Amino acid sequence: MEIKINELNNIYESALKDINFLTEMLKNNNIEFILGFYNNHQVKINNKYIKELYPIPVVSCKINNIEFDFGVDIIKTNSYVGFVEITLNKKDILNFNFDKLKDFVFEIYGVDNCLTDYYFGDLLKTKTLIRQSVEKYFNIGIDIKSINQFEIIIERFIY
């Protein structure tokens, strides 16, 4: 049993280090947050969704009245360490300043139906689809390539 515990600790160690970096950044900017461990995330790999049954650390907070979830995955690649999920109601997403995400690849999907993508690189088409949707809340999902990208996003929304 000790061997299995040590194996799991080794798997989670990097994610916990990254989540500590993130929570310190939020504390330094006087942003209140909640840290939890959540499973059942959907990750898109080669245009196919795969469910992560294992829990990962996620920090939830509000920055200037916008809801954020910052997730640090325990499985990392050279181009993926985690995600940011921004949740907005229909009115707010239609008025959202997407310039704040200009350096990021993102998806837009409904909160109730997270597998329906509303963004295909054309914001005018996206806004039309959102207006026609029965969804009341939407997520903007961003895959994060490095821990420093969390900092960039936080800074863009604080100021």
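In this predicted model, Ala-15 touches Pro-57, Val-72, Asp-73, Ile-74 and Lys-76, leaving aside residues up to four places away in sequence. Ala-15 itself is found in helix 1, which covers residues 2-28. With a relative accessibility of 0%, Ala-15 falls under the 20% cut-off and so counts as buried. Its C-alpha atom lies 9.2 Å from that of Gly-71, although 56 residues separate Ala-15 and Gly-71 in sequence.

Val-43 gives a second case of this kind. Its place is in strand 2, residues 41-45, and at 16% relative accessibility Val-43 counts as buried, because that cut-off is again under 20%. Setting aside residues up to four places away in sequence, Val-43 touches Lys-48, Tyr-49, Ile-50, Glu-52, Asp-73 and Tyr-80. Asp-73 thus turns up in the contact list of Ala-15 and in that of Val-43. From Val-43 to Gly-82 the C-alpha separation is 9.9 Å, with the two positions 39 residues apart along the chain.

Now for the sheet. Six strands make up an open sheet with the order 1-4-5-6-8-7, and the pairing is antiparallel. At the edges sit strand 1 and strand 7 (106-110), each of which pairs on one side only. From one strand to the next, the twist averages 25°. Helix 4, residues 147-158, packs on this sheet and touches strand 4, strand 5 (66-77), strand 6 (80-89) and strand 8 (137-144). The direction of helix 4 makes about 170° with that of strand 5.

As for the pairing itself, strands of a sheet are held in register through backbone hydrogen bonds, in either a parallel or an antiparallel sense. Strand 1 and strand 4 (residues 56-63) take the antiparallel option, over six bridges. Within this pair, Leu-35 stands opposite Val-59 of strand 4.

Leu-35 also has a part in the surface. Together with Leu-16 and Phe-37, Leu-35 makes a nonpolar surface patch of about 250 Å². Phe-37 belongs to strand 1, residues 33-38, which is one of the two edge strands. Is Phe-37 buried or exposed? Neither label quite fits: its relative accessible area is 43%, so Phe-37 is partly exposed, in between the limits of 20% and 50%.

Key: Residues are numbered from 1 along each chain as its sequence is written. This is a predicted model: local features need pLDDT of at least 70, side-chain atom pairs count only at pLDDT 80 or more; totals for chains, interfaces and linings use all residues. Side-chain values use heavy atoms; hydrogens and water are left out. Patches are made of residues with over 30% relative accessible area and no salt bridge: like charges are joined within 9 Å, nonpolar side chains (Val, Leu, Ile, Met, Phe, Trp, Tyr) within 5 Å. Accessible areas come from the Shrake-Rupley method with a 1.4 Å probe; for residues, only the protein chains shown count as cover. A salt bridge is a side-chain nitrogen of Lys or Arg within 4 Å of a carboxyl oxygen of Asp or Glu. Helices (H or I, at least four residues) and strands (E, at least two) are DSSP runs, numbered from the N terminus. Buried means under 20% relative accessible area, exposed over 50%, partly exposed in between (1.4 Å probe, protein chains only). Two strands pair if DSSP finds at least two bridges between them. Axes are lines fitted to C-alpha atoms, for helices over the stretch in contact, and angles run from 0 to 180 degrees between N-to-C directions. Contact means heavy atoms within 4.5 Å.
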